[in-house]
Amino acid sequence: VVNKLQFFQKMSRTEEGPRVPDWTTDIRVASGWCGVDCQGRAKKVVVRRILNGHEGRGIEIHSMPEDIPHAPLYTRYIPKDAEYRVHMVGREVVDVQQKVLRRTVDPETANWWVRNTANGFVFQRQGINIPEDVKTQSLLALRASGLDFAAADVAWNRRRQAAYILELNTAPGIEGTTITSYATALKEYIRTNGH
């Protein structure tokens, strides 16, 4: 799952796999995703120049077909009302955080398309509303991956009432109570599965 192309290929091969954004390696297909939707908003394409990047490295967002560069992977941009990180061990969700804009960052100038620490986003655990489909899609992704544990980055689209798996992290940055949650869940997982 570290390689984003292999991740999307693996997720797409399973019958009961998770919901992921449309993806392609064909620049012509990606160019066709650009344009304007029925409400006059620009439709965007996520260009991934680096397949093994993290923290948004190698990601570009384009809305004009002529601006799309050659790259190894393209995904259709999912308009999102929220983005979550769902931590899982075995078949259980052990923690959920929402990516929120740091209070010191101006929301008018923030990059809302790529929600990472470099763009001023942090993880928040308290006072968040987690749609059930966010957890459901995350667990489907973990099962499809064959991993014992991972953290899913998940986009939530309120209008569609749908969650989309953007990626799985096999070495997510963890701190505070998330460390305790992982430690407890991993001990139980090892105890019950004999690993």
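**Exercise 1. Pairing of β8**

Determine in which sense β8 and strand β9 pair in this predicted model, and over how many bridges.

Solution.
- Step 1. Locate the second strand: β9 covers residues 121-124.
- Step 2. Read the direction and the bridges: β8 and β9 run antiparallel and are joined by four bridges.
- Step 3. Pick out one residue pair: Lys-99 has Phe-123 of β9 as its bridge partner.

**Exercise 2. The β7-β8 hairpin**

Describe how strand β7 pairs with β8, and state which residue in the hairpin takes a positive phi.

Solution.
- Step 1. Strand β7 spans residues 82-89 and pairs with β8 in the antiparallel sense, over six bridges.
- Step 2. One facing pair consists of Val-86 and, in β8, Val-96.
- Step 3. Two residues lie between the strands of this hairpin. Gly-90 is the residue with a positive phi, near 65°.

**Exercise 3. Burial of β8**

Is strand β8 largely enclosed or largely open, and why?

Solution.
- Step 1. Take the extent of the strand: β8 holds ten residues, 92-101.
- Step 2. Apply the cut-off: a residue is buried if its relative accessible area is under 20%.
- Step 3. Seven of the ten residues are buried, so β8 is largely enclosed by the rest of the structure.

**Exercise 4. The surroundings of Val-46**

Decide whether Val-46 is buried or exposed, and find which residues it touches beyond four places away in sequence.

Solution.
- Step 1. Place the residue: Val-46 belongs to strand β4, residues 45-48.
- Step 2. Val-46 has a relative accessible area of 11%, and is therefore buried.
- Step 3. List the contacts: Val-46 touches Ile-59, Glu-60 and Ile-61, and also Leu-73, Tyr-74, Thr-75 and Tyr-77.
- Step 4. Add a distance: Pro-21 is 25 residues from Val-46 along the chain, and their C-alpha atoms are 10.0 Å apart.

**Exercise 5. The whole chain**

Test whether the radius of gyration of the protein agrees with that of a compact globule.

Solution.
- Step 1. For 195 residues, a compact globule would have a radius of gyration near 16 Å.
- Step 2. The protein has 17 Å, which agrees.
- Step 3. Add the dimensions: along the principal axes, the C-alpha atoms fill a box of roughly 55 × 40 × 30 Å.
- Step 4. Add burial and contacts: 44% of the 195 residues are buried. Of the contacts between residues at least 6 apart in sequence, 61% join residues at least 24 apart.
- Step 5. Count the elements: the protein contains four helices and eleven strands.

Technical notes. Residues are numbered from 1 along each chain as its sequence is written. This is a predicted model: local features need pLDDT of at least 70, side-chain atom pairs count only at pLDDT 80 or more; totals for chains, interfaces and linings use all residues. Side-chain values use heavy atoms; hydrogens and water are left out. Buried means under 20% relative accessible area, exposed over 50%, partly exposed in between (1.4 Å probe, protein chains only). Contact means heavy atoms within 4.5 Å. Two strands pair if DSSP finds at least two bridges between them. The radius of gyration is taken over C-alpha atoms; the globule rule is 2.2 Å times the number of residues to the power 0.38.
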